[in-house]
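Student: I would like a close look at a single part of this model, the nonpolar core, and I would also like to see how it sits within the rest of the chain. Could you take me through it with care?

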Amino acid sequence: MARPLRYYPVGLNIRDKDVLVVGAGRVAERKIRMLRLFGAKVSVVAPQVTRYIARLSKDGSIKLFERIYKTPDINKARLVIAATSDAKTNEKVSADARKKNIFVNVVDHSSHSDFISPAVIRKKGLVISVSTDGKHPVLSKRFKDFLKEKVDEFNAGWDQL
């Protein structure tokens, strides 16, 4: 019997690293916000984009390629996130990245992913991540929201943070 998949928690330095996001909807938007918060150099490939992603491209914050994904798109990436609504595209992105030993996350399919993105709180010098090994993302988000409310209470009186 196969053992359940468990993810090794790690803090990854992505500052100035090339990260490719395939897809440009609301889920991709959330991923892009977090990647930028931690200093990644983000490129996005998608035939249609949200206003927010278009604005980021226009002001030079990200590189945007408004077209369908092609295998060579991953060549410079250190990390890849597939966030399209098309399962076949996401599977292709995953297979292409894995062939090149590039870590990949398919946002709605952990079996096609090498890593998962936990729910993250970044507040007052703390970075807290919450994960359910990719099994219950809604529970992760709810627990993150609960903890976020408690951070101020925990930090009361701590001048170091």
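Tutor: Helices and strands here are DSSP runs, a helix having at least four residues and a strand at least two, and they are numbered from the N terminus. With those terms in hand, the chain of this predicted model can be read along its sequence as the pattern β-α-β-α-β-β-α-β-β-β-α, which amounts to 4 helices and 7 strands.

Before turning to the core, it helps to consider the chain as a whole. Its radius of gyration is 17 Å, and this agrees with the value near 15 Å that a compact globule of 161 residues would have, while the C-alpha atoms fill a box of roughly 50 × 50 × 25 Å along the principal axes. Of the 161 residues, 34% are buried, and among the contacts between residues at least 6 apart in sequence, 46% join residues at least 24 apart.

Now to the part you asked about. The largest nonpolar core has 20 residues, and those that touch the most other members are V21, I32, L35, V42, V44, I53 and I62. At least two residues of this core come from each of β1 (18–22), α1 (26–37), β2 (41–45), α2 (51–58) and β4 (79–82). I32 lets us follow the contacts one by one: if residues up to four places away in sequence are not counted, I32 touches V21, V42, V44, I53, L56 and I62. Apart from this core lies another one, made of 13 residues, which include V22, V80, V93 and I102.

Two further residues can be looked at in a similar way. N90 is found in helix α3, which covers residues 87–99, and N90 counts as buried because its relative accessible area is 2%, where buried means under 20%. Leaving aside neighbours within four places in sequence, N90 is in contact with A82, A83, T84, V106 and D108. V120, in turn, lies in strand β6, which covers residues 119–123, and touches M34, F38, V127, I128, S129 and K144 when residues up to four places away in sequence are not counted. The C-alpha atoms of V120 and F154, which are 34 residues apart along the chain, are separated by 17 Å.

Finally, we can turn from the core to the outside, where the chain exposes about 10900 Å², of which carbon and sulfur atoms supply 53%.

Definitions and conventions: Residues are numbered from 1 along each chain as its sequence is written. This is a predicted model: local features need pLDDT of at least 70, side-chain atom pairs count only at pLDDT 80 or more; totals for chains, interfaces and linings use all residues. Side-chain values use heavy atoms; hydrogens and water are left out. The radius of gyration is taken over C-alpha atoms; the globule rule is 2.2 Å times the number of residues to the power 0.38. Buried means under 20% relative accessible area, exposed over 50%, partly exposed in between (1.4 Å probe, protein chains only). Contact means heavy atoms within 4.5 Å. Accessible areas come from the Shrake-Rupley method with a 1.4 Å probe; for residues, only the protein chains shown count as cover. A nonpolar core is a set of buried Ala, Val, Leu, Ile, Met, Phe, Trp, Tyr and Cys residues joined through side-chain atoms within 4.5 Å.
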